Amino acid sequence: MAYPTDRKYTKEHEWIQVNGNSASVGITDYAQQSLGDIVFVETPKVGAEITAGKTFGTVESVKAVSDLFAPASGTVTEVNGELATAPEKVNSDPHGAWMIRITLNNPGEIDGLLSAADYEKFVAEEAGH
Amino acid sequence: MTIRKTALNAVHRQMGAKMVEFNGWEMPVEYPAAIGCGIINEHMAVRTGVGIFDVSHMGDIRLAGPQALAAVQHISMNDASKLAVGQAQYSALLYPEGTFVDDVIVHRLAENEYLLVINAGTREKDFSWVRDNTRQFDCAVENLSDDFTQIAIQGPKAVNLLQKLTDADLSAVKFYWVTRGKVCGLQNILIGRTGYTAEDGFEIYIPSDEATSTRVWNEILAAGREFGVVPCGLGARNTLRLEGCLALYGHEISDTINVWEAKLDRFCKMEKSEFVGRVALEKSKAAGVKRLLVGLEMTERGIARDGYKVLSTDGREIGYVTSGSPAPFLKKNIALAYVPVEFAPVGTQVKVEIRGLGAGAVVVPTPFYKRPKKT
């Protein structure tokens, strides 16, 4: 799967798509493949503050529990409720299945994240281990 | 430690399996979604159709000689004298303390010949233990672990699949019996109607060279296409055995857990002749069992995982989860856990601590899943 160029990526395998002052956050195709069948997504409630580089939730597959790391700091404005009943959407459409939307505290933080091309290189190396 | 590989390692990789280290072995945990796999699909295939597993990491110990039965009786808790030739039984090897060296399947292959199938992670320990504890008997002990590629064919359609590849009459083989026959052109292959999925199925023991192993694996997949066969990894093997409440060494049973706590009483024949662990078990029964293995079902959102704490409803730590997972067939979040006896009755409300918060769970009857009886 190609990584969309309309967003940025973290080394912890989250993506963030910025739209003005707000942004959507999800996990990458590589992440969903490594996790396997996703059965549970736990996100903070609307209004919660998240901090760049810190965990903001959990995603669980049948086999594994994995932390979600915030690509940027901000306030949660929306949670994708569909994932509560259909977490498998993260497997079938990882780059469409956003988990939370936030307003960014500092849009400049995004510049430090990986581009699609850099992320693709990063996961190729990681998969090679 | 070097990581060991089964003869089918390259086949798993070619199929795109996700490989993980398990007890010193590199094994497939699941096969890719692109070929219809993934833990949930693999699990469902075994419950409703058929799936195949490479279980060559399991070990095999042969005991043969005039006193083979006496030796097996001495080292295992079930009553092997009840076995007819061709019959198998679930049993366990115990320490003098009544705790577990390992659980095993004992097969009686001939008048004076037994095969113990043991766990991967305990192969060397088990073999030394069996050898050391059977020295007084006129009986040869051989480690055959590296001689076999062991393939498990599991599910309600397993019998239909395997029958296409063998001249042995599988309908005549009852559950927990073995036979021998030609399989994929190989003569005299051991076929057991056994498994670790709580489903009907077979385990076959073929020569462990890579060419033979690969050929047989591929022939099974080809023959099973009409039944929707899928390759299955350790992930599905774990969720399948958990739904069926089959113990996993290092989780439900270990060297610190005894037979009564693990509720394996029906496989432990105290009335048979003396065996290692018996005296301690008698004492422990007289003293009263303090904790028991129970089945839990989550009643609140959250998945219990191995090692999570079990709490009373008022938040006191009372026990721990030995295995926990979403159950793909039952579509519930289930767990096995050790709790004090007073919390063991079915219907008892407890909590499981998940990321610092207590999520509700209830003690339920086990096994969680029982396969439908054939009519």
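Let us start at a single residue: apart from its neighbours within four places in sequence, Leu165(B) makes contact with Val183(B), Cys184(B), Glu219(B), Ile220(B) and Ala223(B). This residue belongs to a predicted model, and it makes a good doorway into chain B. Along the chain, Leu165(B) sits in the loop between α5 (158-163) and β11 (178-183) of chain B. Is Leu165(B) buried or exposed? Leu165(B) counts as buried because 22 other C-beta atoms lie within 10 Å, and the cut-off for a buried residue is 20 or more. For a sense of distance, look from Leu165(B) to Val104(B), 61 residues apart along the chain: their C-alpha atoms are separated by 27 Å.

Now step back to take in chain B as a whole. Chain B has eight helices and 20 strands. Its radius of gyration is 21 Å, close to the 21 Å that the globule rule gives for 375 residues, so chain B is as compact as a globular protein of that length. Along the principal axes, the C-alpha atoms of chain B fill a box of roughly 65 × 55 × 50 Å. Of the 375 residues in chain B, 49% are buried. Contacts also reach across the sequence: among those in chain B between residues at least 6 apart, 66% join residues at least 24 apart.

How confident is the predictor here? Chain B has an average pLDDT of 97, and 99% of the residues score at least 70. For the model, the scores are ipTM 0.90 and pTM 0.95. As a reading habit, where pLDDT is low, the predicted coordinates should not be read in detail.

Within chain B, a good place to pause is an open sheet of three strands, which has the order β1-β3-β2 and mixed pairing. Which strands are at the edge? They are β1 (4-5) and β2 (18-22) of chain B, each of which pairs on one side only. Strand β2(B) runs antiparallel to β3 (residues 25-30) of chain B, and five bridges join the two. To find this pairing on the model, look for Phe22(B), which stands opposite Trp25(B) in β3(B).

A helix is part of this picture too. Helix α7 (residues 234-243) of chain B lies across β2 and β3 of chain B, and runs at about 70° to β3(B). How many of the 10 residues of α7(B) are buried? Nine are, so to speak, tucked away, and α7(B) is mostly covered. Among the buried residues are Leu234(B), Ala236(B), Leu240(B) and Leu242(B), along with Arg237(B) and Glu243(B). Just after α7(B) comes Cys245(B), which takes a positive phi of about 55°.

Let us cross over to chain A. Chain A contains four helices and nine strands, and read along the sequence they follow the pattern β-β-β-α-β-β-β-β-β-α-α-β-α. With 129 residues, a compact globule would have a radius of gyration near 14 Å, and the 14 Å of chain A agrees with this. The C-alpha atoms of chain A fill a box of roughly 35 × 35 × 20 Å, taken along the principal axes. Buried residues account for 42% of the 129 residues in chain A. Among the contacts in chain A between residues at least 6 apart in sequence, 63% join residues at least 24 apart.

Chain A has an open sheet of three strands to explore as well, with the order β4-β6-β7 and antiparallel pairing. Here β4 and β7 (65-69) of chain A stand at the edges with a single partner strand each, so one side of each is left without a neighbour in the sheet. From one strand to the next, the twist averages 25°. Five bridges join β6(A) to β7(A), and these strands run antiparallel. One pair to look for is Glu60(A) with its bridge partner Val65(A) in β7(A).

This sheet also leads to the place where the chains meet. Nine residues of chain A are in contact with 13 residues of chain B. Which elements of chain A give two or more residues to the side that touches chain B? They are β4 (38-42) and β6 (55-61) of chain A. By class, this side of chain A has four nonpolar, two polar and three charged residues.

Notes. Residues numbered from 1 in each chain as written. Chains lettered and ligands numbered in written order. Predicted model: local features only at pLDDT ≥ 70, side-chain atom pairs only at ≥ 80, totals over all residues. Contact = placed C-beta atoms within 7 Å. Nonpolar A, V, L, I, M, F, W, Y, C, P; charged D, E, K, R; others polar. Pairing = 2+ DSSP bridges. Axes fitted to C-alpha atoms, helices over the stretch in contact; angles between N-to-C directions. Buried ≥ 20, exposed ≤ 12 C-beta atoms within 10 Å, placed from the backbone. pLDDT = per-residue confidence, 0-100. Rg over C-alpha atoms; globule rule 2.2 N^0.38 Å.
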